[in-house]
Amino acid sequence: MNGERRTANGELFVVPCLLSLVLLSLAPSLAPAQSRADTLRGSWHTPGRHWWDVTHYDLSVRVSPSDSTLRGSNAITYRVTGEGQTLQIDLMTPLVLDSVVQDGKALPLAHEGNAHFATLSATEPIGSVHTATAYYHGRPRIAPRPPWDGGLTWATDTLGRPWIVTTDQGVGASIWWPNKDTQADEPDSMRVTITAPTGLQHIGAGRLERRADHADGTTSWTWRVANPINNYAIALAVGHYAHWQETYRGEDGPLTMDYYPLDVNLERARAQFVQARTTMQCFEHWFGPYPFYADGYKLIEVPNTGMEHQGAVTYGNRYANGYRGRDGSGTGLGMQWDFIIVHETAHEWWGNNITTRDLADMWVHESFANYSESLYTECLLGPEAGSRYNIGTRKGIRNDRPVIPPTRGINAQGSGDMYPKGGAMLHTIRQVVANDSLWRDVLRGLNRTFRHRIVDGREVQEYIIQRTGLPLQPVFDQYLTTTQIPAFAWRAVAGGLEYRWEDVIPGFAMPVDVTTDAGRTLRLTPTAEWQRLDGARNVAVDPDYYVVEKQVRSKG
């Protein structure tokens, strides 16, 4: 996702991703109380969700620009994994769930807000596979400020032609189609058929399976996704598109890369979209093979800034480098590349390949995607530039709320600091590891070990700890669950100086590199207790560590 906000002094700062901004402006004391609706939307362990695993969605939707309505169905195929008799199917008002049909019979339906409960006639055997089809219609919510506040956008291009897209991360895919609206359950594959007035194209994730023209002046476009996919990665992109394709020879063989700008922007796109190839090269080096070779990679123009739709990244950065002409790092380095191409493509690994079960762990998606910007800068301009870019993005950190919120299971995430602070944390951990080959192995290993998996944030932390062999748990806890920046405190004493960590959690003992007044570079391992360093009169912390330096009054 992507967005923008202002720092404490009012300066505009680019925030790299979408609806993490939903709760960004709330102070800790204003965090919403947990409600029944929150639990139904955000929890996995509910009677209508826990016992069935989605294996396939077959979504078919007719899009009517003339009256801004949708009408369609979703055939939900699922495997029974436990005992239950109620299917919770989510669909947000003002859309109407008309019926849910299984084996030719309409199931009894109950409604509670945006959650709808279809009751089976009997429990089904564990391991058995069934299909229930949800039929719906209505005029969906119009996105008031896409992509940060999601819904449907019924836009027009510069020639006045219809241009229809969706944005729904954070708010939920059920804002425009009925599904099991949780990140905890992905279909193993998916088919999407979008029907729109003839002349308009729908560009979707996966491979085009068929196109069908109808006598009523409409055309259906059917796309099939072969890989598991999170539901917010399915999107409408209906407009007048041009197209070209190239083949990238990647780590897993030939990868098709397809580009879909509006036809009026074809030449501008041909010049700007070359960056997708260098982005793919850089990220395959650092993270391993692109995770969705079977479905290919697309870049699709939309009227908002863009989003990380799996295999079909959307783009609205006006064919210019930076983020809408700005550089969130303040270094100028961010103007050397297109922010949306780089950041949203990074989510193919962080968010689409590895998806968190609970929105509370969105730092896994956003911190790594933010950090990917630094790695791309490094790929393009060298390690020093990558470090400067990462350090520059720290100006957007507020430390207003923890990155990980205190409550799970309510579809709520923590502070927007998950972007710059999370990226700064990962850059800091790279310095602690002090072995770039190992660090690269860790990043690639995460994507290999958790390939196409749903994870908890703790699993990611534990993997990094295990692979590096370093006691990093207090480091994760410090940066993700508190708002305090570790302070490297030091004071002059006779014959040298003393140092320790302040403003840290118990057990925090992160190593740090420092330079003394004599020009020596040392690695120290401070704790909360004072330690002595002989022969130094002052000390400076390596700026690659996201810590503050604090000189205190000399003892005595």
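A polar contact here is a pair of N or O atoms within 3.5 Å; within protein, one must be able to donate a hydrogen and the other to accept it, and residues adjacent in sequence count only if both atoms are side-chain atoms. The model is predicted, so to speak with care: local features need pLDDT of at least 70, side-chain atom pairs count only at pLDDT 80 or more, and totals for chains, interfaces and linings use all residues. Numbering runs from 1 along each chain as its sequence is written, and side-chain values use heavy atoms, with hydrogens and water left out.

**Exercise 1. Work out the surroundings of Asn231.**

Start with the address: Asn231 is in the loop between strand 16 (218-225) and strand 17 (237-239). Strands are DSSP runs of E, at least two residues, numbered from the N terminus.

Next, buried or exposed? Asn231 has 5% relative accessibility, so it counts as buried (under 20% relative accessible area is buried, over 50% exposed, partly exposed in between; 1.4 Å probe, protein chains only).

Now list the neighbours. Leaving out residues up to four places away in sequence, Asn231 touches Ala173, Trp177, Asn179, Lys180, Asp181 and Thr182, where a contact means heavy atoms within 4.5 Å. With Asn179 there is a side-chain to side-chain polar contact of 3.0 Å.

Finally, look along the sequence: Gln310 is 79 residues from Asn231, yet their C-alpha atoms are 9.6 Å apart.

**Exercise 2. Find the polar partners of Thr195 and Glu498.**

Thr195 first. This residue lies in strand 13 (residues 189-197) and is buried, because its relative accessibility is 7%. Its side chain meets that of Ser220 in a polar contact of 2.6 Å. Ser220 also turns up among the residues that Thr195 touches, along with Val61, Arg62, Val63, His214, Thr218 and Thr219.

Then Glu498, in strand 26. Glu498 is buried at 11% relative accessibility, and its side chain makes a polar contact with the side chain of Arg491 at 2.8 Å.

**Exercise 3. Classify two ring pairs, Tyr290 with Phe292 and Phe488 with Tyr499.**

You need two numbers: a pair of aromatic rings is described by the distance of the centres and the angle of the planes. Rings of Phe, Tyr and Trp (its six-membered ring) pair if their centres lie within 6.5 Å; planes under 30 degrees apart are stacked, over 60 edge-to-face, and the rest tilted. The structure holds 33 such pairs.

Take Tyr290 and Phe292: the centres are 5.9 Å apart and the planes sit at 85°, so this one is edge-to-face. Tyr290 is buried at 0%, and Phe292 is buried at 0% too.

For Phe488 and Tyr499, the values are 5.9 Å centre to centre and 20° between the planes, which is stacked. This pair links strand 25 (residues 487-493), home of Phe488, to strand 26 (residues 496-502), home of Tyr499, eleven residues apart. Phe488 is buried at 0%, and Tyr499 is buried at 5%.

**Exercise 4. Which charged residues sit over Trp52 and Trp244?**

The test: NZ of Lys or CZ of Arg within 6 Å of the ring centre and within 35 degrees of the ring normal. Over Trp52 you find the charged end of Lys180, 4.1 Å from the ring centre. Over the face of Trp244 you find Arg270, at 4.6 Å from the ring centre.

Note on methods:
Helix = DSSP H or I, 4+ residues; strand = E, 2+ residues; numbered from the N terminus.
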